[in-house]
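Open the model in your viewer and keep the sequence panel beside it. The stops below are given in the order in which to select them.

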Amino acid sequence: MSSFFSIVKEFLFPVNKPIESSIEDNSNGGISMKKVSIRVTGFVQGVGFRYSTKLVADQIGVYGIVRNESDGSVYIEANGEEEKIDKFIEKIRNSPSPSGQVDSINVEELSSLPVRDKFTISN
């Protein structure tokens, strides 16, 4: 039961986790940052999808936002290490919410997205 309370505490009182100060490309032996926008369709609203997405992001160490869209889809922006982003996308593809169902997922890598230092739920 204590893990439940720690998850709730982390959700309600998030700790800003700094992104690595040295974000470089792999050619310099540094950390490779990946920024993606994700559009998810299916049974993804009213089933705890955004909350579950935040929990997954926090567990993996990915930063960004998640929000419901008026067309019934969910929009996600995420940034982090390439390996973590890939793992995050796979979790979203399989629906982080046990009550949700993902019919399709569209992932687009966009270097123009802002770098975020925490993961938040919008609207």
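The expected span of a helix is 1.5 Å times one less than its number of residues. Helices (H or I, at least four residues) and strands (E, at least two) are DSSP runs, numbered from the N terminus. This is a predicted model, in which local features need pLDDT of at least 70 and side-chain atom pairs count only at pLDDT 80 or more, while totals for chains, interfaces and linings use all residues. Residues are numbered from 1 along each chain as its sequence is written, and side-chain values use heavy atoms, with hydrogens and water left out.

**Helix α2**

Select α2 (49-60). Its 12 residues should span 16 Å at 1.5 Å a residue, and its end C-alpha atoms are 16 Å apart, which agrees. Colour by accessibility: buried means under 20% relative accessible area, exposed over 50%, and partly exposed in between (1.4 Å probe, protein chains only). In α2 the buried residues are F49, S52, T53, K54, V56, A57, D58 and I60. Step on to G61, just after α2, which takes a positive phi of about 95 degrees.

**Helix α3**

Next select α3 (82-93). From first C-alpha to last, the 12 residues of α3 reach 16 Å, close to the 16 Å expected at 1.5 Å a residue. Show the side chains of I85, F88, I89 and I92, the buried residues of α3. Seen down the axis of α3, these buried residues fall within an arc of 100 degrees (taken from the directions from the helix axis to the C-beta atoms), so they line one face of the helix. They pack against β1, α2, β3, β4 and β5 (119-122), where contact means heavy atoms within 4.5 Å.

Now pick R93 and E90. They form a salt bridge, with the closest N and O atoms 3.6 Å apart; a salt bridge is a side-chain nitrogen of Lys or Arg within 4 Å of a carboxyl oxygen of Asp or Glu. Being three residues apart in α3, R93 and E90 are separated by about one helical turn. R93 is partly exposed at 39% relative accessible area, as is E90 at 39%.

Just after α3, S95 takes a positive phi of about 60 degrees. S95 sits in the loop between α3 and β4 and counts as buried, at 13% relative accessibility. Beyond residues up to four places away in sequence, S95 touches F49, G100, Q101 and V102.

**The core**

Which residues have the most contacts inside the largest nonpolar core? They are I38, V40, F49, I76 and F88, in a core of 21 residues. A nonpolar core is a set of buried Ala, Val, Leu, Ile, Met, Phe, Trp, Tyr and Cys residues joined through side-chain atoms within 4.5 Å. Select V40: leaving aside neighbours within four places in sequence, its contacts include F49, S73, I76 and I92.

**S73 and R39**

From V40, move to S73, in the loop between β2 (63-68) and β3 (74-81). S73 is buried, with a relative accessible area of 1%. The side chain of S73 makes a polar contact (a pair of N or O atoms within 3.5 Å; within protein, one must be able to donate a hydrogen and the other to accept it, and residues adjacent in sequence count only if both atoms are side-chain atoms) with the side chain of R39, at 3.4 Å.

R39 is partly exposed, at 30% relative accessibility. Add E69, which forms a salt bridge with R39, the closest N and O atoms being 3.6 Å apart. E69 lies in the loop between β2 and β3 and R39 in strand β1, so the pair ties together parts that are 30 residues apart in sequence. Finish by adding R67: R39, R67 and E69 are linked in a network of salt bridges.
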